[in-house]
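Grab your viewer and work through a few exercises on the structure below. Try each task before you read its solution.

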Amino acid sequence: MNCSSFGKCGSCVLWQMPYEEQLKMKSGQLIELFSEFDMPGLEVVHGSDEHFRARAEFRVWHEGDKSYYAMRKRKEDGRGVIPIEECKIVDKAIYEVMTPLLNEIEKNDNLRFKLYEIDFLSNSKGELIVTLIYHRKVDETIAEDIQKLKDKFKNIDFIVRKKGRKYVFDKNYLIEELNINSKIYKYKIIENTFSQPNRQMNQKMIEWAMRNSEDLRGDLVELYCGNGNFTIPLSERFNRVIATEISKESIEAATYNAEINERGNITFLAMSAAEFSKLYKDKSPLITKYDLKNVLIDPPRAGLDDKSREFVNEFDNIIYISCNPETLKRDLQTLSKGREIKAFAFFDQFPYTNHAECGVILQKR
Ligand SMILES: C[S@@+](CC[C@H](N)C(=O)[O-])C[C@H]1O[C@@H](n2cnc3c(N)ncnc32)[C@H](O)[C@@H]1O
């Protein structure tokens with residue numbers, strides 16, 4: 001991939017390295033990092049190295065009559081942001097609309113004044129949610145100007161945000177379609193809630209989790225379930241599923257997603273992983289009615305807190321999806337005791353960056 005922002009933008013730090021070399025380097029680093037464990041061979045899973053991000057956030061840089069998208073500078077160039085002409089890692093639908101959209105905004109003083117950030121969320125059909133974030137008072141009178149944008153960009157719903165206030169034109173969600181093992185699953189994705197950034201890799205991660213849970217039986221407990229991304233397809237492998245997540249909006253989407261995909265064996269609960277773990281400790285019938293053999297976890301970068309790690313350690317079989325190899329390593333120091341590590345995968349969700357997403361399957365010896 002080549003991008004005119006390479007070498008200026010602080011996002012793609014590995015811009016000078018051919019993609020194959022990036023994969024080799026990151027795989028080598030992971031093998032080294034996990035060398036204290038008895039790991040199986042690392043499965044390297046990757047997709048396209050361009051137009052792979054289904055969501056992206058850009059600052060806006062105003063200079064005279066012109067406005068530009070801006071990204072944070074490279075570390076070696078100091079603090080702050082720098083204007084960019086293009087971003088090749090974003091989804092094709094986002095890429096194609098970025099410049100024409102900003103050109104329209106530029107022509108309209110009300111839309112342009114103190115516009116601070118533009119966020120994009122896309123689905124596989126090329127529909128978008130665009131969020132305009134302002135550093136000034138905004139009220140409903142902006143609706144007329146947004147309508148002009150909507151007339152030009154028929155595939156976009158707009159959200160206008162100013163600290164503490166939000167105006168939605170006309171909806172704040174997209175319906176995403178994922179192809180998992182040649183079956184289509186539908187997902188409501190609500191703006192400003194977590195969704196996997198790389199659609200192609202997300203599909204491959206879910207397929208990997210399904211393949212590696214083929215032999216598992218009984219019920220599944222899931223922590224950090226988001227909008228039911230893994231839950232919905234995986235629920236086909238298990239009798240009953242209980243899935244939890246801290247964000248109420250994500251649980252609302254997950255519940256809707258179970259309905260539209262006709263999955264009747266899932267219970268979703270909005271609560272933190274630590275709260276759910278406490279329910280187990282207190283022998284709440286909400287949990288004890290499930291057989292606690294299989295657990296799926298996909299925590300944020302901080303990994304598991306102490307209480308949740310203790311809870312997860314009760315299970316025979318663990319499917320661990322991680323976006324931070326360092327906290328995964330820390331958690332495996334507890335979870336690998338008495339368990340065999342059956343599978344280890346590196347999903348390259350974030351080409352041109354040092355980030356690595358991993359999957360690990362653990363089974364009781
Ligand atoms: C990496 S995302 C994974 C979401 C989902 N598994 C997916 O694939 O889209 C982590 C999720 O954990 C949730 N979360 C963050 N802190 C949490 C906590 N303390 N307890 C439960 N959920 C939490 C976030 O809201 C987010 O949806």
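**Exercise 1. Find how many residues lie between β5 and β6 in their hairpin, and which residue in the turn has a positive phi.**

Keep in mind that you're looking at a predicted model. Start at strand β6, residues 128-134, which runs antiparallel to β5 and is joined to β5 by seven bridges. To fix the register, take Leu121: its bridge partner in β6 is Ile129. Now follow the chain through the turn: five residues separate the two strands of the hairpin, and Gly126 is the one with the positive phi, about 85°.

**Exercise 2. Is strand β5 largely enclosed or not, and why?**

Step one is the cut-off: a residue counts as buried under 20% relative accessible area. Step two is the count over residues 115-122: seven of the eight residues of β5 are buried, so the strand is largely enclosed by the rest of the structure. Step three is to look at the strand pairing. Besides β6, joined by seven bridges, β5 pairs with β2 (residues 55-63), antiparallel again, over five bridges. One pair to click on here is Ala56 and its bridge partner in β5, Phe120.

**Exercise 3. Work out the strand order of the seven-stranded sheet, and which strands stand at its edges.**

Walk across the sheet and you get β4-β3-β2-β5-β6-β7-β8, an open sheet with mixed pairing. The edges are β4 (81-84) and β8 (165-169); each has a single partner strand, so one side of each is left without a neighbour in the sheet. On average, neighbouring strands here are turned by 30° against each other, ignoring direction. At the β8 end, β7 (residues 156-162) pairs with β8 in the antiparallel sense over five bridges, and Lys162 has Arg165 as its bridge partner in β8. Finish with helix α4, residues 143-152: α4 packs on the sheet, touches β6, β7 and β8, and makes about 150° with the direction of β7.

**Exercise 4. Do the same for the eight-stranded sheet: what is the order, and which strands stand at the edges?**

This open sheet, also with mixed pairing, reads β1-β16-β17-β15-β14-β11-β12-β13. At the edges stand β1 (42-45) and β13 (266-270), each with a single partner strand, so each has one side without a neighbour in the sheet. The average turn between neighbouring strands is 15°, direction ignored. Inside the sheet, six bridges link the antiparallel strands β15 (residues 317-322) and β17 (residues 357-364); Ile318 has Leu362 as its bridge partner in β17. Helix α8 (residues 273-281) lies across β11, β12 and β13, at about 145° to β11.

**Exercise 5. Which residues are closest to the ligand, and how much of its accessible area does the protein cover?**

First, the surroundings: 15 residues are around the ligand, the closest being Gln196, Asn229, Glu245, Ala273 and Asp298. Next, check some polar distances. A side-chain N or O atom of Asn229 sits 2.9 Å from a ligand oxygen. A ligand nitrogen is 3.2 Å from a polar backbone atom of Ile246, and a ligand nitrogen is 2.9 Å from a backbone N or O atom of Ala273. Last, the cover: the ligand on its own has 590 Å² of accessible area, and the protein covers 85% of that.

**Exercise 6. Decide whether Gln349 is buried or exposed.**

Gln349 belongs to the loop between β16 (339-347) and β17. Its relative accessibility is 1%, so Gln349 counts as buried. Its contacts, leaving aside neighbours within four places in sequence, include Phe52, Gln196, Met201 and Glu357.

Methods:
Residues are numbered from 1 along each chain as its sequence is written. This is a predicted model: local features need pLDDT of at least 70, side-chain atom pairs count only at pLDDT 80 or more; totals for chains, interfaces and linings use all residues. Side-chain values use heavy atoms; hydrogens and water are left out. Buried means under 20% relative accessible area, exposed over 50%, partly exposed in between (1.4 Å probe, protein chains only). Helices (H or I, at least four residues) and strands (E, at least two) are DSSP runs, numbered from the N terminus. Two strands pair if DSSP finds at least two bridges between them. Axes are lines fitted to C-alpha atoms, for helices over the stretch in contact, and angles run from 0 to 180 degrees between N-to-C directions. Contact means heavy atoms within 4.5 Å. A residue is near a molecule or strand if one of its heavy atoms lies within 4 Å of it. A polar contact is a pair of N or O atoms within 3.5 Å; within protein, one must be able to donate a hydrogen and the other to accept it, and residues adjacent in sequence count only if both atoms are side-chain atoms. Accessible areas come from the Shrake-Rupley method with a 1.4 Å probe; for residues, only the protein chains shown count as cover.
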